[in-house]
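Got a minute to go through a model together? Here it comes, with a few questions and answers after it.

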Amino acid sequence: MWEELPLVIFTIAAQMSVGSFVVLGVINVVNWNKPQRTLEKVTMPALYAIGPLLVFGLAASTLHLGSPLKAANALLHLQTSWLSREILLGMLFAGAGALFAVLQWFRFGSHRLRQALAVVTAVLGLALVYAISQVYSLRTVPAWATWATPVRFYITTFLLGGVAVAAALVVASYIRRRRGGEPDPAARALIRHTVQGIAFGAILALGLKFIGEPAYLAYLGTEGSPQALATLELLGGQYSLLSAAENILIFAGVIALGFLLFRMAGDRALGRLMSVTTVAAFVLVLGGEFVGRLLFYATMVRLGI
């Protein structure tokens with residue numbers, strides 16, 4: 001299980017960075033009529049965390065290759081290899097995201113140009129998640145070669161990306177206020193409404209996850225191959241406690257966000273309670289997704305040797 005740790009870190013970091021970027025884009029689209037200064041004040045702190053996160057994940061993935069130089073060799077088979085496409089899309093997403101962050105920081109180019117680049121970056125990121133899912137949709141691993149693999153990866157992308165953005169927004173706001181920053185009612189209201197929206201979206205994602213999980217387990221039981229049945233037995237036996245821990249952690253994190261839906265009122269919403277609860281929700285969801293990705297690799301049963 002632990003020998004796949006570099007890939008666990010890479011896939012989680014890549015999906016979280018893509019989800020964060022897309023969620024930030026949705027925030028900007030939904031609030032298009034808000035003053036640009038307010039939007040940037042709220043979203044920029046989260047934006048600058050995305051690039052380093054993906055670079056960290058890409059660096060971790062090279063450890064699995066044995067040598068970073070092997071990543072260049074993997075790019076030689078773009079026409080036939082999803083691994084090659086994954087590496088290329090990862091570099092393109094990281095590069096486009098970094099360029100967008102630089103343009104935003106220095107206000108280079110027109111606003112429309114930066115918006116167009118943001119759309120291209122988001123598309124590259126979503127394509128990266130799909131490529132990652134296809135790397136693992138192997139016919140030699142019946143438990144992976146299903147609809148559940150891309151669905152699982154996209155749920156992780158939006159769920160983890162959403163809670164990461166929520167945590168970044170409230171922490172940045174809390175730090176500004178602790179440093180004596182001037183109160184900005186418009187920014188505070190935007191953060192409050194954004195976290196409410198993310199909490200609602202996280203509850204929907206949790207529902208999809210808990211609907212899809214029984215369906216996936218039922219599929220493993222009826223797929224017919226010994227390998228799928230072996231994966232089902234691992235999930236229900238040797239790794240049952242880890243499987244339960246994954247669901248409990250994610251459920252607890254989403255419930256913590258749901259709690260904020262009923263407690264966010266007035267200035268108190270951006271105080272210590274909101275900051276602690278949102279960060280706790282992020283840590284819980286991240287922990288659950290980390291355990292789930294470990295299980296994903298640990299329950300791999302191949303056809304043949």
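Helices (H or I, at least four residues) and strands (E, at least two) are DSSP runs, numbered from the N terminus. This is a predicted model, so local features need pLDDT (the predictor's confidence in each residue, from 0 to 100) of at least 70 and side-chain atom pairs count only at 80 or more, while totals for chains, interfaces and linings use all residues. Residues are numbered from 1 along each chain as its sequence is written, and side-chain values use heavy atoms, leaving out hydrogens and water.

Q: Which helix has the highest confidence in the chain?
A: The chain averages a pLDDT of 83, and 87% of the residues score at least 70. Confidence bottoms out in helix α3 (residues 69–74) at a mean of 58, and peaks at 92 in helix α5 (residues 111–135).

Q: Is W105 buried or exposed?
A: W105 sits in helix α4 (residues 82–106). Buried means under 20% relative accessible area, exposed over 50%, partly exposed in between (1.4 Å probe, protein chains only). At 55% relative accessibility, W105 therefore counts as exposed.

Q: How far apart are the closest N and O atoms of R107 and E40?
A: R107 is partly exposed at 46% relative accessible area, whereas E40 is buried at 8%. They form a salt bridge (a side-chain nitrogen of Lys or Arg within 4 Å of a carboxyl oxygen of Asp or Glu), with the closest N and O atoms separated by 2.4 Å.

Q: Which residues does T194 touch, not counting those up to four places away in sequence?
A: T194 lies in helix α7 (residues 185–222) and is buried, with 8% relative accessibility. Taking contact as heavy atoms within 4.5 Å, and leaving out residues up to four places away in sequence, T194 touches I27 and L169.
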